[in-house]
Amino acid sequence: MAPLKTLLLFLVVLLPVANACQPPRTLHVPVFHRDALFPPPPGAKRGSLLRQRLAADAARYASLVDATGRLHSPVFSGIPFESGEYFALVGVGTPSTKAMLVIDTGSDLVWLQCSPCRRCYAQRGQVFDPRRSSTYRRVPCSSPQCRALRFPGCDSGGAAGGGCRYMVAYGDGSSSTGDLATDKLAFANDTYVNNVTLGCGRDNEGLFDSAAGLLGVGRGKISISTQVAPAYGSVFEYCLGDRTSRSTRSSYLVFGRTPEPPSTAFTALLSNPRRPSLYYVDMAGFSVGGERVTGFSNASLALDTATGRGGVVVDSGTAISRFARDAYAALRDAFDARARAAGMRRLAGEHSVFDACYDLRGRPAASAPLIVLHFAGGADMALPPENYFLPVDGGRRRAASYRRCLGFEAADDGLSVIGNVQQQGFRVVFDVEKERIGFAPKGCTS
């Protein structure tokens, strides 16, 4: 099993199954591991990379909770970071310009950097120039798309005649500001979607790791998942395959309804009026080694719809799952008791952000106590050990072969998140149409 530095960043390429003459029933997106395309620089130390990526993941989480109850800037979602990104390779405009857009279940707006820029960060590939696209159109301030923005702005022409402007800012200080427009998004095999509402970013800064912009697949009116719903339905799914594999066949993102494996367990999709873009679930607790975890309040994982605080969201951009502090402590202590009973020696102190780490010399990582996440309605996620018993090296190469840490964190701000490390290997279905989320184990093989 690879160390944590190889877990967390993937590239996806949209690959439709039919041409533009007859719209396909689904859009299929294979997923690539990030390190297969952007390997760490020669000589990079695994310990320092681990610390950098976990720190970035913490900033991603901080951005999510910043928008819950303590809004101090126009925050729509967590910013995508090196610790948990997925890129969609799409073509924008006519003629098409290739763009790698970060897929984010926690936001709605599709945006990308545009030329000329007042300020742009370094990205891989050509920056999109709307002056060269015959299908690019500015969106007026009076349009429904402009009104769908949380913080719309207008050109000097005013609401009646001026063009709409957008601004999104994130908890770490990253931001994008520019023109709201429509243009064509093109995929492989001549499949495309016309008149997609998107942001043309003229002033952008932050940690976007060479991506051209962001592909929002949240629940809002202007997300790409909502915009393609008339053709493909209000449902999409993904599966993140073996993080050590460079195969293009095991991971994917699909827009549209597909046959459901019998093993799919569904739970209700909850809504938060104060954070309508996020995918909330009703989490009922945990089991460790076949025994239900006790010692925390059920209210710790519950969504308070009156205040918009708390609750559990399923997120593609956060890597490590976080749970309310008392729930995390109960889970950690139950795991620790089982691990010690199995003869695993707990290491003193903290290793990176993890506070429950073990010396596994002489024992396979697969011998870790089994952890199951329980959801309302009987839906369970029985996590394989590689999804939560994570290798760390502490800066030493050989240590990674026997040091493992419980890969969860405490959430101090109330919002709990199921991150993509724990989701790997599961087919996760976001079925907005039927108001449910489904989990199917070993879902990347179909």
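**Notes for a first look at this predicted model**

1. A good place to start is how the chain folds back on itself. Of the contacts in the protein with a separation of 6 or more, 69% are between residues 24 or more positions apart. Please keep in mind that this is a predicted model.

2. Next, the general make-up. You will find 8 helices and 32 strands in the protein. Of its 446 residues, 59% are buried. The accessible surface is about 17300 Å², and carbon and sulfur atoms account for 52% of that area.

3. Now to the interior. The largest nonpolar core holds 70 residues, and those touching the most other members are F286, F323, F335, I371 and L373. Helix 7, spanning residues 325-341, is the biggest giver to this core, with 6 residues. Because domain 1 (25-63 + 70-238) and domain 2 (258-438) both contribute residues, this core lies between them.

4. F323 is worth a closer look. Leaving aside residues up to four places away in sequence, F323 touches a list of residues including M283, F286, L301, Y328, L331 and L373. Also among them are F408, E409, A410, A411, S416 and I418.

5. There is also a second core, separate from the one above, with 15 residues; W111, Y121, C164 and I222 are among them.

6. Finally, a small piece of strand pairing to trace. An open sheet of 4 strands runs in the order 23-24-28-27, with antiparallel pairing. Strand 23 (345-346) and strand 27 (389-391) are its edges, each pairing on one side only. Strand 23 meets strand 24 (residues 357-359) over 2 bridges, in the antiparallel sense, and R345 has D359 of strand 24 as its bridge partner.

Methods:
Residues are numbered from 1 along each chain as its sequence is written. This is a predicted model: local features need pLDDT of at least 70, side-chain atom pairs count only at pLDDT 80 or more; totals for chains, interfaces and linings use all residues. Side-chain values use heavy atoms; hydrogens and water are left out. A nonpolar core is a set of buried Ala, Val, Leu, Ile, Met, Phe, Trp, Tyr and Cys residues joined through side-chain atoms within 4.5 Å. Buried means under 20% relative accessible area, exposed over 50%, partly exposed in between (1.4 Å probe, protein chains only). Domain bounds come from an automatic or database domain assignment. Contact means heavy atoms within 4.5 Å. Accessible areas come from the Shrake-Rupley method with a 1.4 Å probe; for residues, only the protein chains shown count as cover. Two strands pair if DSSP finds at least two bridges between them.
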